[in-house]
Amino acid sequence: MAGGKATPRQKMINLMYLIFIAMLALNMSKEVLAAFGLMNVKMEASNAKTTESNLAFLDGLSTKANEDAAKYGDLYAKAGQIKQMSQEYFDYLQSLKDGMLKDVEDPTDYQVMDKSDFLDGKFFQGDNLTPEGEDFLKRLENYRDGVIKILPPQMKDVKDNVLARFQTGDENGKVTNRSGEKVDWINYHYERFPLVASLTKLTALQADIKATEEDALKSMLAGELTEQVSLKNFATSLNASKSAFYSGEKYDGKIIISKTDNSSTPIRAELTLDGRKLSEGKDYKLEAGGVKLLIGAGAPGDHTVAGEIFFMQDGNEIPVKVNNGFATISKPNAALIAADKMNVVYRGVANPMSISIPGIPNNKVSASAPGLTKSSGSKYVMNPGKGRTVKITASGTLPDGQRVSSNSEFRIKDIPRPSGSIRGETGSTKMPRANLEKSTVGAVLEDFDFDLNLRVSGFKFKVPGQPTVVVKGGKLDARAKSALKRAKRGDAVQIFDINAFISNNKSYKLKKVSPVVVEITN
């Protein structure tokens with residue numbers, strides 16, 4: 001539209017066209033904000049209904065505790081503790097939401113809630129969290145860990161759900177963003193988001209609290225305890241001396257009836273092996289707690305035991321379905337050696353490796369190579385030295401006394417070149433002068449499979465028109481800040497000659513760190 005000469009009328013049409021596109025973009029943004037608001041309203045309504053049903057569940061558990069204190073009293077006390085913790089955490093989140101809406105004239109006008117100032121100012125300060133931000137993260141973790149600690153051991157599924165709902169990234173509190181970079185969980189979820197989006201996320205956390213209450217109460221009231229007193233809900237599993245058998249061996253497995261004691265003996269069984277009917281006495285025998293199988297392991301491959309086991313309950317036969325499998329494997333003649341993370345090993349890194357031979361216990365397997373040490377079981381650590389390759393040899397003894405040995409060769413590579421970073425960003429970035437003053441200069445290994453703790457011992461700092469400043473440590477010193485004060489808006493400040501090292505391996509010399517360029521925005 002802007003190419004060539006245009007008449008005044010055409011110029012006006014072009015201008016109106018651009019205005020029209022901008023209006024479409026604005027409307028789309030408002031629609032997205034409104035959608036978040038509607039989602040928030042629906043979740044709050046759902047939370048109210050779940051609160052009512054949870055109270056009903058708690059009343060039911062209270063009734064059972066009054067009827068049978070020995071069986072339900074402790075569970076009811078635990079339910080009360082979870083209820084109290086949930087209410088306290090729920091109220092804390094509600095206070096945050098109330099604060100977010102305090103200065104909003106109409107709390108139902110979600111289209112105006114497009115700013116991120118509230119949580120950005122409340123939770124974040126430069127590279128660090130404010131005390132409020134740390135408190136937010138601590139309350140979430142305390143609630144999650146507290147509920148898991150209270151739940152009885154048999155409620156594993158409920159505990160897993162709690163971990164999934166209130167997870168805060170990996171063991172270092174990091175998540176991977178769309179660019180593949182590791183960032184703090186709280187920054188990833190709550191920094192620079194529109195007000196209505198953050199409001200909805202807090203409501204979602206409240207929904208997770210209510211769902212956690214519901215799961216715990218339901219399990220305490222019905223799920224776990226009912227399964228313990230009714231044979232109709234029993235399941236079966238196979239228990240054997242090992243998980244795989246050689247061709248020609250006798251299979252010594254046993255079908256275990258889950259959630260029962262060994263005094264429960266079946267009265268009869270109707271079982272098949274891969275569709276072939278099994279005979280009592282020849283292929284299996286009945287014993288306390290289940291059925292002892294006397295079958296052979298069969299040919300290599302997967303095998304299935306199916307059918308029904310019958311128990312007496314209240315004068316009636318109660319069938320328990322059986323559908324379990326086991327695998328038979330051929331005798332191995334070579335070891336399996338694999339790098340846990342890649343098909344090469346890196347110099348300067350403790351490379352985790354798994355070395356095992358199928359069918360041979362780990363304590364009967366040995367492995368050797370320059371720089372290889374055993375951790376435990378089948379786990380080893382390789383710290384390669386000089387050279388381009390390393391050969392690992394593994395050997396073991398089969399139960400019949402036969403010796404098995406094999407070797408595998410791995411390439412040795414150096415750690416790739418690190419990238420300089422500022423506030424976790426690499427390459428070139430933009431930020432205000434005040435943020436740059438507080439930010440930390442770092443070094444990262446992008447797209448590298450190992451999490452190495454890199455530290456910066458110094459760097460050079462260059463502001464256009466100012467002498468280069470040599471800085472010790474990872475933050476700007478007084479001379480660097482003085483030079484930065486003379487930078488103008490739009491100036492490209494350079495951070496280069498970054499000196500980095502691996503914190504637990506200072507003797508390893510890293511490749512030259514890539515520089516960082518920061519454009520000053522004010």
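**Figure 1. The second largest cavity and the elements around it.** α3 (117–123) and α7 each supply at least two residues of the lining of the second largest cavity. The model shown here and in the other views is predicted. α3 gives the largest share of this lining, three residues. The lining consists of M100, K115, S116, F118, L119, D120, Y190, F193, L195 and S198. By class, six of these residues are nonpolar, two are polar and two are charged. The volume of the second largest cavity is about 40 Å³.

**Figure 2. The largest cavity, lined in part by α2 and α7.** In total, three cavities of 30 Å³ or more are present in the structure. The volume of the largest is about 40 Å³. Its lining is made up of L58, A79, I82, K83, E213, A216, L217 and M220. Two helices, α2 (69–101) and α7 (195–229), each contribute at least two of the lining residues. The largest share, four residues, belongs to α7. Six lining residues are nonpolar and two are charged, with no polar residue in the set.

**Figure 3. Helix α4, its span and its buried residues.** Does the end-to-end distance of α4 agree or disagree with its 20 residues? The helix covers residues 131–150, and at 1.5 Å a residue it should span 28 Å. Its end C-alpha atoms lie 28 Å apart, so the model agrees with the expected span. Many side chains can be picked out along the helix by burial. The buried residues of α4 are G133, F136, L137, L140, Y143, R144, G146, V147, I148 and I150. F136 also belongs to the largest nonpolar core, where it is among the residues with the most contacts.

**Figure 4. The largest nonpolar core, with L93 in view.** This core holds 43 residues. Y89, L93, F136, Y190 and L205 have the most contacts inside it. Seven helices are named as giving two or more residues each: α1 (8–67), α2, α3, α4, α5 (156–165), α6 (185–190) and α7. The largest share, ten residues, comes from α2. L93 serves as the close-up residue. Setting aside neighbours within four places in sequence, L93 contacts F136, L202, L205, Q206 and I209. A second, separate core has 35 residues, including M431, L445, L476 and I520. In soluble globular proteins, nonpolar side chains tend to be buried together.

**Figure 5. The largest pocket and its lining.** The volume of the largest pocket is about 1700 Å³. Its lining counts 42 residues, and those closest to the centre are K174, K182, V183, G424 and V444. Which elements each supply at least two residues of the lining? They are β3 (174–176), β4 (182–184), α6, β23 (425–426), β25 (441–444) and β26 (454–462). β25 provides the largest share, four residues. By class, twelve lining residues are nonpolar, 15 are polar and 15 are charged.

**Figure 6. T168, in the loop between α5 and β3.** The view is centred on T168, which sits in the loop joining these two elements. Is T168 buried or exposed? Its relative accessible area is 10%, so T168 counts as buried, the limit being under 20%. Residues up to four places away in sequence aside, T168 touches L137, L140, E141, R144, G173, K174 and W185. Of these contacts, L137, L140 and R144 are among the buried residues of α4. K174 is one of the residues closest to the centre of the largest pocket.

**Figure 7. S507, in the loop between β28 and β29.** The loop that holds S507 runs between β28 (492–502) and β29 (516–520). The relative accessibility of S507 is 69%, so this residue counts as exposed, the limit being over 50%. How far apart in space are S507 and G348? Their C-alpha atoms are 8.7 Å apart, while 159 residues separate them in sequence.

**Figure 8. The whole chain, as context for the close-ups.** The protein chain has nine helices and 29 strands. Of its 522 residues, 37% are buried. Take the contacts between residues at least 6 apart in sequence: 62% of them join residues at least 24 apart.

Notes. Residues are numbered from 1 along each chain as its sequence is written. This is a predicted model: local features need pLDDT of at least 70, side-chain atom pairs count only at pLDDT 80 or more; totals for chains, interfaces and linings use all residues. Side-chain values use heavy atoms; hydrogens and water are left out. On a 1 Å grid over the protein atoms alone, a cavity is a set of points where a 1.4 Å probe fits but cannot get out, and a pocket is an open set with protein on both sides within 12 Å along at least five of seven lines; lining residues have an atom within 4 Å of a point. Grid points are joined across faces, edges and corners, and a volume is the space filled by probe spheres set on the points. Ala, Val, Leu, Ile, Met, Phe, Trp, Tyr, Cys and Pro count as nonpolar, Asp, Glu, Lys and Arg as charged, and the others, Gly among them, as polar. The expected span of a helix is 1.5 Å times one less than its number of residues. Buried means under 20% relative accessible area, exposed over 50%, partly exposed in between (1.4 Å probe, protein chains only). A nonpolar core is a set of buried Ala, Val, Leu, Ile, Met, Phe, Trp, Tyr and Cys residues joined through side-chain atoms within 4.5 Å. Contact means heavy atoms within 4.5 Å.
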